[in-house]
There are 2 protein chains.
Amino acid sequence: MKKIVVLRLGHRINRDQRMTTHVALTARALGAEGMLLVSSDKSIEQKISDVNKRWGGSFYVRSDVKWKCEIKKWKESGGKVCHLTMYGIGLESEINAIRDIKDLMIIVGAEKVPAEIFAMADWNIAITHQPHSEVAALAIFMDRLQKGEEHLKDFKNGKLQIVAMRRGKKVKENKNLKHL
Amino acid sequence: MKKIVVLRLGHRINRDQRMTTHVALTARALGAEGMLLVSSDKSIEQKISDVNKRWGGSFYVRSDVKWKCEIKKWKESGGKVCHLTMYGIGLESEINAIRDIKDLMIIVGAEKVPAEIFAMADWNIAITHQPHSEVAALAIFMDRLQKGEEHLKDFKNGKLQIVAMRRGKKVKENKNLKHL
């Protein structure tokens, strides 16, 4: 099993809360173990903790991290680092090599990313060379990385579980859980 | 060539401007021809028009549309409709059938989507059954739909073009364009 952690840079309190929440939810749904947030904003941690209670799993958000320190620590312990940026090399040529990595940190920024990130990353990868969205880039990258197997991930201990339907909505409640 | 249009529901002025801009930019980068927006908010049209000037292509945003009317018109002219929702059927089992469709409308909502949408759509498709992001769902769906070929899309007439790099940023300016 691959270990994936997302490092989120450039979060501005108020302006970026929804975007960063979507980054975290995407990372969680697609099988990352957690997100490191370069900001003192604690609201994202709380939101994701509420999502875990309802929908299961143990995805974490750790706020107020120092990016340089986290990247160094990750690399020193044998992990690799992939920075998603429209300026990088196209996904297609690199994804097979990245798939072999066991511990992967994925960096997603906002508008401005320090030049040092480009130098510290093992890969700078572009998901198209057009401007779009860090949420979209993360989603496509994680989907390609895991060849769709993340869709089979089982979220344990959630209060709620969706029953897939062709029409309409159906949600099953798990009444056996103690914390409900 | 497939024709893809995105229909964006549930946009609230102010609160959703960045998220809807990311939906539009993702649709554009991944090869949709345009986005229909169920809101009178004209700011998204302007933002995307600016992006086209700088980065090329002819992606459009049409605001203030009536969703029921647009879906009906689309279906009457032979198009199919796919609604992305965490309550739907998993992507894997349906994507091959959807790939054969020539004219496809992709519906992405916000938190609340009218029940009628579930009934009117030809497919209700889930990109995982966990809550995450309409931007992520659209990105993965479009990437799977086109098997990555959208990454080869050429954006013509842009002022700027990225030169892919392993480290750092390089942008080429197209000086031959009249509108610059």
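The following chat goes through the sheet, the chain pairing and one loop residue of a predicted model.

Biologist: What's the strand order in the sheet of chain A?

Modeller: The model is predicted, and in chain A it has an open sheet of six strands, which run in the order β3-β2-β1-β5-β4-β6 with parallel pairing.

Biologist: And which are the edge strands?

Modeller: Those are β3 (60-62) and β6 (123-126) of chain A, each of which pairs on one side only, and on average neighbouring strands of this sheet are turned by 30° against each other, with direction ignored.

Biologist: How many bridges link β4 and β5 of chain A?

Modeller: There are five bridges between strand β4 (residues 80-90) and strand β5 (residues 103-108) of chain A, which pair in the parallel sense; within that part of the sheet, A:His83 stands opposite A:Ile107 in β5(A).

Biologist: Which strands does helix α6 of chain A lie across?

Modeller: Helix α6 (residues 134-145) of chain A lies across β1 (3-8), β4, β5 and β6 of that chain, and its direction is at about 160° to β5(A).

Biologist: Switching to the two chains, what rotation superposes A on B?

Modeller: A rotation of 180° with 0.0 Å of shift along its axis puts chain A on chain B, with an RMSD of 0.0 Å, and that is the relation of a two-fold axis. The same surface serves both copies, since 100% of the contact residues of chain A recur in chain B.

Biologist: How many residues of each chain are in contact there?

Modeller: In this contact, 40 residues of chain A meet 40 residues of chain B. On the side of chain A that touches chain B, at least two residues each come from α1 (17-29), α2 (43-55), β4, α4 (91-99), α5 (115-120), β6 and α6, and the largest share, six residues, comes from α1(A).

Biologist: How does that side divide into nonpolar, polar and charged?

Modeller: The residues of chain A that touch chain B comprise 21 nonpolar, 13 polar and six charged ones.

Biologist: New topic: where is A:Ser39?

Modeller: A:Ser39 sits in the loop between β2 (34-37) and α2 of chain A, and, leaving aside residues up to four places away in sequence, A:Ser39 touches A:His11, A:Ile13, A:Ser63 and A:Asp64. Its C-alpha atom is separated by 7.9 Å from that of A:Leu9, although the two residues are 30 residues apart along the chain.

Biologist: Why does A:Ser39 count as partly exposed?

Modeller: A:Ser39 counts as partly exposed because it has 19 C-beta neighbours inside 10 Å, whereas a residue is buried at 20 or more and exposed at 12 or fewer.

How values were computed. Residues numbered from 1 in each chain as written. Chains lettered and ligands numbered in written order. Predicted model: local features only at pLDDT ≥ 70, side-chain atom pairs only at ≥ 80, totals over all residues. Pairing = 2+ DSSP bridges. Helix = DSSP H or I, 4+ residues; strand = E, 2+ residues; numbered from the N terminus. Axes fitted to C-alpha atoms, helices over the stretch in contact; angles between N-to-C directions. Contact = placed C-beta atoms within 7 Å. Least-squares fit on C-alpha atoms with pLDDT ≥ 70 in both. Nonpolar A, V, L, I, M, F, W, Y, C, P; charged D, E, K, R; others polar.
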